[in-house]
Amino acid sequence: ARFSSLGARHKQTNMKRIASSPEMDPATEQNKNIQWAHGSPLMFFYLGVIFCCRFVLSFVVGIPASWTVINISHTIVTGFFLHYLKGVPFTGLEFDQGRFDHLTLWEQFDNGAQYTITKKFLTIVPIALFLVTIYFNNFDGFSFAINLLFLLPVLVPKFPFVQTMLGKSSHSD
């Protein structure tokens, strides 16, 4: 009888189960700049954009060159928005008050925690894109060098030791 009353009490609570800590819950995220960047919707959208662009480019420049153009474009766009641009694009948000102004978008994801699902995904995609690109370019030496040159600027800033070396990270893991 004692345990059945505990079970009944548990069913009446309005507890909400989340994947990680409450600080990473999209519903309670105070930073509106990254509130959208969680879970499978981000992953499907991100991959969808890459494959749609590759599909369109394959008609213009051919399949091998389209992968190289996608890899280079991906590095330029994500390198700028994730690792160079700081702060939030919308000023005056209710909970912002300038506390995200010194952080890149990468540092804002998941409250600065490393090795979350979102950050792992955003790290694996450039590597996979590089591998697919060199495969479709038949492992050509020049293509390999160009694509590797464009992989490094978007991959290296994701490592925690780089953020620590540059003194950019203000979060504790």
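Which residues does Val-162 touch, not counting residues up to four places away in sequence? Keep that one in mind; the tour gets to it at the last stop.

**Whole chain**

Start with everything shown as a cartoon. This is a predicted model, and what you see is seven helices and zero strands. Walk from the N terminus and the order of elements reads α-α-α-α-α-α-α. Colour by burial next: 36% of the 173 residues count as buried. If you draw the contacts between residues at least 6 apart in sequence, 60% of them join residues at least 24 apart.

**Stop 1: H2**

Select residues 39–61, which make up helix H2. From first C-alpha to last, this 23-residue helix reaches 33 Å, close to the 33 Å expected at 1.5 Å a residue. Now show side chains for Leu-42, Met-43, Tyr-46, Ile-50, Arg-54 and Ser-58, the buried residues of H2. Bring in H3 and helix H5 (117–136) as well, since the buried residues of H2 pack against these two. Before leaving, click on Gly-62, just after H2: its phi is positive, about 90°.

**Stop 2: H2 against H3**

Keep H2 and add helix H3, residues 63–84. The two pack at an angle of about 135°, and their axes are 8 Å apart. That angle makes H2 oblique to H3, and the crossing is right-handed.

For the contact itself, select these two sets:

- From H2: Tyr-46, Ile-50, Phe-51, Cys-53, Arg-54, Leu-57, Ser-58 and Val-61.
- From H3: Ile-63, Ala-65, Ser-66, Trp-67, Val-69, Ile-70, His-74 and Thr-78.

Colour the selection by residue class and you get eleven nonpolar, four polar and one charged. Tyr-46, Ile-50, Arg-54 and Ser-58 should look familiar from the previous stop, where they were listed among the buried residues of H2.

**Stop 3: H3 against H6**

Hide H2, keep H3, and turn on helix H6, residues 141–155. Here the packing angle is about 15°, with the axes 8 Å apart. H3 and H6 are therefore roughly parallel to each other. Look down through the pair and you'll find that H3 passes H6 in a left-handed crossing.

Again there are two sets to pick:

- From H3: Thr-68, Asn-71, Ile-72, Thr-75, Thr-78, Gly-79 and His-83.
- From H6: Ser-143, Ile-146, Asn-147, Phe-150, Leu-151, Pro-153 and Val-154.

By class, this contact has six nonpolar residues, eight polar and no charged. Leave Thr-78 labelled: it meets H6 here and also belongs to the H3 side of the contact with H2.

**Stop 4: the loop between H5 and H6**

Back up along the chain to Asn-138, in the loop between H5 and H6. What sign does its phi have? Positive, about 55°, although Asn-138 is not a glycine. Phe-139 is found in that loop too, and its phi is also positive, near 55°. Why stop for this? Because most residues other than glycine have a negative phi.

Switch on the surface and check both. Asn-138 counts as exposed at 66% relative accessibility, and Phe-139 counts as exposed at 57%.

**Last stop: Val-162**

Finish in helix H7, residues 160–166, where Val-162 sits. Is the residue buried or exposed? Its relative accessible area is 11%, so Val-162 is buried. Now for the opening question: show everything in contact with Val-162, skip residues up to four places away in sequence, and you are left with Val-156 and Pro-157.

Technical notes
Residues numbered from 1 in each chain as written. Predicted model: local features only at pLDDT ≥ 70, side-chain atom pairs only at ≥ 80, totals over all residues. Heavy atoms only, no water. Axes fitted to C-alpha atoms, helices over the stretch in contact; angles between N-to-C directions. Helix = DSSP H or I, 4+ residues; strand = E, 2+ residues; numbered from the N terminus. Parallel < 35°, antiparallel > 145°, perpendicular 65-115°, else oblique. Left-handed = near helix turned anticlockwise from the far one by under 90°. Contact = heavy atoms within 4.5 Å. Nonpolar A, V, L, I, M, F, W, Y, C, P; charged D, E, K, R; others polar. Expected span 1.5 Å × (residues − 1). Buried < 20%, exposed > 50% of the residue type's maximum accessible area, 1.4 Å probe, protein only.
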